[in-house]
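User: I would like a close look at a single part of this model, followed outwards into its surroundings. Please describe what holds that part together and how it relates to the rest of the chain, in one connected account.

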Amino acid sequence: MTREHAGNRLFPDWPAGRPDDPGACPIRDVLDRVGQKWTLLILIALEAEPKRFSALQRIVGDISKRMLTQSLRDLERDGLISRTVYPTKPPSVEYALTALGRSSLTPIATLSSWASDNHPAIRAAREAYDALA
């Protein structure tokens with residue numbers, strides 16, 4: 001569907017790419033990472049300043065070291081965070097948002113605000129659904 005025929009749709013270019021190739025669709029390709037359980041929490045934790053691994057683990061909470069390591073690698077691979085190793089004994093590592101990662105904070109803040117505003121309604125809907133099951 002082209003923009004001319006999209007009318008008032010909020011997502012006129014979706015679906016994009018081939019259904020059998022998720023990597024060809026920019027929406028699926030990017031949202032696969034953003035939709036992972038820890039991604040948004042890590043990006044939010046890095047908003048104010050760079051952090052070391054242990055500080056991120058404390059802030060995020062119940063994430064395992066293995067999962068935090070993998071999530072940080074994935075975010076670095078996607079260009080959302082940078083990793084700096086300092087030549088100390090033992091070496092210290094610091095993670096920071098890149099310009100691309102910082103640009104993600106505006107839509108994350110919008111989604112976070114929506115989640116906070118609608119959390120009571122969502123919990124009530126879950127309770128009503130679960131009561132019927």
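Analyst: The part chosen here is the pairing of strand 2 with strand 3 (residues 92-97), two strands that run antiparallel and are joined by six bridges. The model is predicted, and the description below should be read accordingly. Between strand 2 and strand 3 the connection is a hairpin of five residues. Two of the pairings can be named: Ser82 has Ala96 of strand 3 as its bridge partner, and Arg83 stands opposite Tyr95 in strand 3. In a regular strand, side chains point alternately to one face of the sheet and to the other.

This pair belongs to an open sheet of three strands, ordered 1-3-2, with antiparallel pairing. Strand 1 (51-52) and strand 2 occupy the edges and have a single partner strand each, so one side of each lacks a neighbour in the sheet. Along the chain, counted from the N terminus, the elements follow the order α-α-β-α-α-β-β-α-α, which gives six helices and three strands.

The approach to strand 2 deserves attention next. The loop between helix 4 and strand 2 (81-86) contains Asp78, and Gly79 is also placed in the loop between helix 4 and strand 2. Gly79 is partly exposed, at a relative accessible area of 27%. Its C-alpha atom is separated by 8.8 Å from that of Leu97, a residue 18 places away along the chain. When neighbours within four places in sequence are set aside, Gly79 is in contact with Thr98, Leu100 and Gly101.

From this loop the trail leads to helix 1, by way of Asp78. Arg33 forms a salt bridge with Asp78, and the closest N and O atoms of the two are 2.6 Å apart. Arg33 lies in helix 1 while Asp78 lies in the loop before strand 2, so the bridge links parts of the chain that are 45 residues apart. The relative accessible area of Asp78 is 32%, and the residue therefore counts as partly exposed.

Arg33 has a further acidic partner. Its side chain meets that of Asp74 in a salt bridge with an N to O distance of 3.5 Å. Asp74 belongs to helix 4 (residues 65-77) and Arg33 to helix 1 (residues 26-34), so this pair ties together parts that are 41 residues apart in sequence. Asp74, with a relative accessible area of 15%, is buried, and Arg33 is likewise classed as buried, at 12%. Both values fall below the limit for burial, which is 20% relative accessible area. The structure holds two salt bridges, and Arg33, Asp74 and Asp78 are linked by them in a network.

The backbone of Arg33 is also engaged. Its oxygen lies 2.9 Å from a polar atom in the side chain of Thr39, a residue placed in helix 2 (residues 39-45). Thr39 is buried, with a relative accessible area of 1%. Apart from residues up to four places away in sequence, Thr39 touches Arg33, Val34 and Leu75. Thus Arg33 has salt-bridge partners in Asp74 and Asp78, and its backbone oxygen faces the side chain of Thr39.

Elsewhere on helix 1 the surface has another character. Leu31 is located in helix 1, and together with Ile27 and Val30 it forms a nonpolar surface patch with about 250 Å² of accessible area in total.

A few values for the chain place this region in context. The chain has 133 residues, of which 25% count as buried. Its accessible surface is about 9,800 Å², with 57% belonging to carbon and sulfur atoms. Of the contacts between residues at least 6 apart in sequence, 38% join residues at least 24 apart.

To draw the account together: strand 2 meets strand 3 in an antiparallel pairing of six bridges, and the loop before strand 2 carries Asp78, whose partner Arg33 sits in helix 1. The bridge from Arg33 to Asp74 reaches helix 4, and the contacts of Thr39 include Arg33 and Leu75.

Note on methods. Residues numbered from 1 in each chain as written. Predicted model: local features only at pLDDT ≥ 70, side-chain atom pairs only at ≥ 80, totals over all residues. Heavy atoms only, no water. Salt bridge = Lys/Arg side-chain N within 4 Å of Asp/Glu carboxyl O. Helix = DSSP H or I, 4+ residues; strand = E, 2+ residues; numbered from the N terminus. Buried < 20%, exposed > 50% of the residue type's maximum accessible area, 1.4 Å probe, protein only. Patch = residues over 30% accessible without salt bridge, like charges linked within 9 Å, V, L, I, M, F, W, Y side chains within 5 Å. Areas by Shrake-Rupley, 256 points an atom, 1.4 Å probe, with all protein chains shown as cover. Polar contact = N/O pair within 3.5 Å; in protein donor to acceptor, adjacent residues only side chain to side chain. Contact = heavy atoms within 4.5 Å. Pairing = 2+ DSSP bridges.
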